[in-house]
Structure formats: structure tokens, C-alpha cells
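Welcome! Please take a moment to turn the structure around and get a feel for it before reading on.

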Amino acid sequence: MNLPPNRLAQESSPYLLQHAHNPVDWYPWGAEALQRAQAENKPILVSIGYAACHWCHVMERESFENPQVAAVMNAHFVCIKVDREERPDVDQVYMDALHAMGIQGGWPLNVFLTPEAKPFYGGTYFPPQNWLQLLASIGRGYAGEYRSELQASAEQFVQVLRRGELDKYRPAEAADGLSDEEFKLLVYNLASKFDREKGGLNRAPKFPMPSIWRFLLHTHALSGSPTLLNQLNLTLRQMAHGGIYDQIGGGFARYSVDEAWLVPHFEKMLYDNGQLLTLYAEAFQETNDPLYQQVVYNTVAFLEREMLSPEGGFYSSLDADTEGVEGRFYVWTQEELQAALGDEEPLASAYYSCLPVGNWEHGLNILHRTSPDAEFAQQHGLSPAELQTMVKKWQQKLLTARDARTRPALDDKILTGWNALLLQGLTDAYRAFSEPQFLELALRNARFLREKLQTATGLQRNYKNGRATIPAFLEDYALLIQAHISLYEVTFAEEWLREAEQLTEHVLAHFLDQQEQLFFFTADNGEALIARKKELFDNVIPASNSVMAHNLHRLGLHLENSRYQELAAAMIRQVQALVVQEPQSLANWALLYTALLRPSAEIAIVGPQAEQFRQELSRHYLPNAVIAGSVGASSLPLLQGRTARNAQTTIYVCFNRTCRQPVHSVAEALAQL
């Protein structure tokens, strides 16, 4: 039955558009819905999700498409649908409210509010019968004798929401600064959570969490600990061999439901893949493991093939479901493998650990690997080169067969922060491999973001159908500043460093809480919600405050701006005790701890071969360094007064603005680091 569209038909979010023909009288988040709730003194139901969310689809099918359920929702509530990816500020406030109610969070997130948008009850997915009972009970209760109780409860939750994050977790501000002793405790606390058999942390479901493994990489560079490097390599190899990684198409799913990385939650998110490009590229710089190079190249190929818009922006996600079945696009029966591969099927099935009865449910196979290529080649009497040729052929045939299937839905909105993570990933991939195509994609993306999402008054978060909407949040600014600093370091094009500086000044003017020396998630001139939050904990995307602290540290070194560096140091002092206690939840802050524990290297390359020297230097993993360069004179602080001695390209390595002897080769510069 094709129902007439509701208000969501006017929206650009693919998630909201999925609900545009529900019989529910949905509103998007905004003044119209909130005003109606107040005018009619009606409670609000806010339902929050995102386009690639499996259980959001299930709840829509079971409840929001059901005319009887919709009638109860419409009778008792003003109903609002929110795309959490467009409005992370709204999602953050009401997710915090759910936690304050003692309920574990997740999506779909369904929260009941007073007409003033104050929360009094909530939950995640509800089966249809439970949902119907809850709607009727809250609807009657609010309309009748329980209204004042529910309003009083909402007032209490608002008080909790308005408490600052620092106040809530009460970490003691560190008086003594950073220390090797405390850092050892931090590393010990993280190591106690390792799964030493399957990689990752010791629990299921398993999320990639790139910040944790980047912290390990940096800490290994600092300490030389083989234990940390072994855990990092174990994790990266298990992920790259597992079903969480698309063995034929490249790219990673959002998480695996089991501890062996085998069964993914099949949606693919841009933010994961951007960060995993960075992680695998940096791990390659440190280890030269060819598997890591394959992962980077195949993931970039996936992103370019399936996520790139004609204008140069990257789309948000691919759905887990196809035709209502999770993972259908990605899994194989043995008959399908045989049809695609013919005589080569038995060897390919052995390589991808596929079984006639299936290695998952319903006789289906998730392609994954259980042994390294060298081992598999030896077992089957092949040379590594022969195996590589065969694998490429299998991938091509299976990809062609898969392309004939119904594709998962694409969430084609373009988000500034997520694109910035991908831009950073492409930049880091270029840094590691000097692959011109990676830089080309990165520059095209950076120019797209500048042209389409930057306005005279600041950044916008969302781009769809030729239109930029929604004033950007701290996440968007912080991640774009980070990417611009990195883009400068691989191109020496000063425009990107100056853009990073301008955006930083905007953030300092509109997001900084002077009292706490941390940043709000929303700007001072943005829409006021019932609470103005600060993001402290690193999650699948690092906390915007931790990213901003890194930016201030790096930009402070590049621009010799002590104000920036002092603020970065003040920010980590605020959360230092928490970082040591809970490093798995503050891994990007922990990464900053490693960067501040020793002086950072300031490297300046000047002269006719500045770019060639940079490329040679960039092949090495240099986690605690900023790099500036120029063929001729430059006004940038790190390059001022630095000349090419004897007309030869010269490298200056400095620490705390004190320089070593200028040298004329990358090998000599590396020896000084």
C-alpha cells in the first residue's frame, strides 16, 4: 500500500526519506514540531536512527509502517524523526538522557519528552506489542493523572544532562604533568583488556577502534616494546583476514558480532574506512607488511568505486540489508561460488575458508582467511606470486558476479567530518606509498569541501542535492583542521595550513569554554538544545575535544604559537586521570599523551628537491614530528631564515626550537631523530 507522503518527503536525509511514506505523522527536528507540542500541550516522541541501521529498519517494518500502531502514535504524541548522522547534537543529548535513566544506549533510540523537549522515558528497539503497550500507557499517563510526575522526572533528568562532563566524572586535574611512570600504568591498564588470541579487546562484539591501535603503534615507536607490536600485528592481521573485511571488494564493515572478526554487521561506514586507511598505512610504514599495503589499496579502490560522488565528496554509508535480509549482498552458497569460478572453486573455497554446508547460517559462506598467503601458497605447491595472480582473478570474477545482485542501499548524504576522516586517510596513504592517485583523490575532496561546505560564516555539516545545510559541529571543524594540517605536510601547499589556522581561530571564538578550557560540541551561535554538551570520550570516531587538542599541539608547532600549545596541554591535564584509568575509552587522548611525553621533532626541508626528500622521509613512520618544506623562501615560522645551504636541499631537525646540524640527506636526518 503506497501511502501519501508525510513531511519527511521534503527532507534530504536518506534516513528520513525512508520514513516519508509511513502512516506516522512524522516531523523533522525543528521549530514547527516543538511549537505544535507546546501549543497542544502534547508529549513528544523522538525516534533517532540512521540509514544503515539494521534494527531501525526492523522497527520501521514492524511498527512505523503499521497503521494501527501509527494511529496510537499520532493520537498521543508529536512524532519527530532524527537522522543521528545529520544531528549528532540532538542524538548526544537524548542518548545521555537514556544513560541517565540507567538504560543501555543504541539505535533506534526512542525517547519521550515533555512539550519543552525535556526527556522523561526512553529505550532502543521495542517489539511491536511492547511498543504499542508503552505508547498507550505513556499517552494515557501524560494526558491524565501522571502528567505532573512525568514532568518532575523530566526536570530531574535535565539537571543531570546540564552537569558538565568533567563534573560528572570528577577526574582530578593533574598537578604534576605527564610522567613515564604514569604512562606505564596507562599502557598496563589498556594491555589488561587485550584479546591475546584473536586480537582486539577481549569482548564481543568487536569494533575496529583505530585510535586504540594507532596508540599502540605510537607507543611501540616510543618504547620499542615487542609485546605491543605483536598485539597490534595480531589485531590488524585478524581484521584483514576476517569477515569484517570485504575480501573481494575491499573496505571494512562496522563491527563483527563475534570475537573472531568472522561475522560482520554488514554495513560499511565512511568514518571507519577513513580511519582504517590511516591505521594500515601507518602500520605499513613501521612494518613493511605487504598485507597492510593490500588492505589500503583495495579499500581505496572500494571507496572510489562505491562511495565517491561525481563532485568529489564521499557518501556516508552502505546498508547492511539487501531486500530486507542482512548481508545478502556479501555472502555465498557453494553453488554460487562454483557458478562464478568454475574449476577454480575448490582452491578458492579453501583460500576463503568456505564450506559446502556454509561457514555461517542457512548454508551461506562469509569469505574469510585462516592462514597467511605464504603459508597457503606453500601448502598448495604454489609460489607467492602465482597465488597473488590467482587471488586477483578470483576477486575480479566474484566482484563481477556480485555486481549482478541487488545492491545495498546507499546513504548518499555527504558529511564534512566524515569526509575529513577520509581525507586524512587518503593523505596518510599517500604519505606511506607516494601513490599519485591517492593525492589526486585527496586534493579533489579537499577542494570539494572548501567550495561546497565552507561559507563566509563557517562550515556546514551536510551536503545533498547540490545544497549545504546544518551549521557544522565541533567534530566537523576539528576533523577538517586535522586533515588540512596533514594535507599541508604532504604537499607543502601553504594554503592548507592557513585554512587550518583560520578554522582553528573560528573554533576558539565560538566553541571554547574559557572556564574549563575545553570545547563545546555546538557553537555559541547555534541552535540551543536543553543542554550544551562537551564530547570527552573517544568512540568509533575520536572525541572532538581530543582531536582539537592534537590540532592545537601540531598547529602550535607549525606556527610557533605558544597559546595553541598551552591550551593543548591544559586540555589533557583536565582528563589525564581518566585517560590513565580508562585508556580504551580515551585512546586518542592517550595518543596525545605519547606525543607530549617527549619533545616533538620540527623538520624543515628547504631547496630544489624538497618534494623528493619529503617523499623519502614520509616512507618512515614518524609519529611525533611535524614537517614543513619549501623550494624557495617562505614566511611560515618553521621555514623563516632557513635556506638551502650551498644551493643543496637542506633538512633542519629541531626540538623545542633548538636545531641540530643542518644535513643534506634523508638518512642523516633520520639519524638525528
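We begin with the whole chain and then move to a single helix.

Keep in mind that this is a predicted model. The secondary structure of the chain comes to 26 helices and 22 strands. Along the principal axes, the C-alpha atoms fill a box of roughly 85 × 70 × 45 Å. How does the radius of gyration of the chain compare with that of a compact globule? For 673 residues, such a globule would come out near 26 Å, and the chain has 26 Å, so the two agree.

Now look at what is hidden and what is not. Of the 673 residues in the chain, 61% are buried. The area that the chain exposes is about 25900 Å², with carbon and sulfur atoms supplying 49% of it. Contacts tell us about the fold too: among those between residues at least 6 apart in sequence, 69% join residues at least 24 apart. As for charge, the chain carries 56 positive and 78 negative side chains, and the centres of these two sets lie 2 Å apart.

Next, find helix α5, which runs over residues 88-100. From its first C-alpha to its last, α5 reaches 18 Å, close to the 18 Å expected at 1.5 Å a residue. Is α5 mostly covered or mostly open? It is mostly covered, with 11 of its 13 residues buried. Among these buried residues are Asp89, Asp91 and Asp96, along with Val90, Val93, Tyr94 and Leu98. After α5 comes Gly102, whose phi is positive, near 80°.

Notes:
Residues are numbered from 1 along each chain as its sequence is written. Side-chain values use heavy atoms; hydrogens and water are left out. Helices (H or I, at least four residues) and strands (E, at least two) are DSSP runs, numbered from the N terminus. The radius of gyration is taken over C-alpha atoms; the globule rule is 2.2 Å times the number of residues to the power 0.38. Buried means under 20% relative accessible area, exposed over 50%, partly exposed in between (1.4 Å probe, protein chains only). Contact means heavy atoms within 4.5 Å. Accessible areas come from the Shrake-Rupley method with a 1.4 Å probe; for residues, only the protein chains shown count as cover. Lys and Arg count as positive and Asp and Glu as negative; His and the chain ends are not counted. The place of a charge is taken as NZ of Lys, CZ of Arg, CG of Asp or CD of Glu. The expected span of a helix is 1.5 Å times one less than its number of residues.
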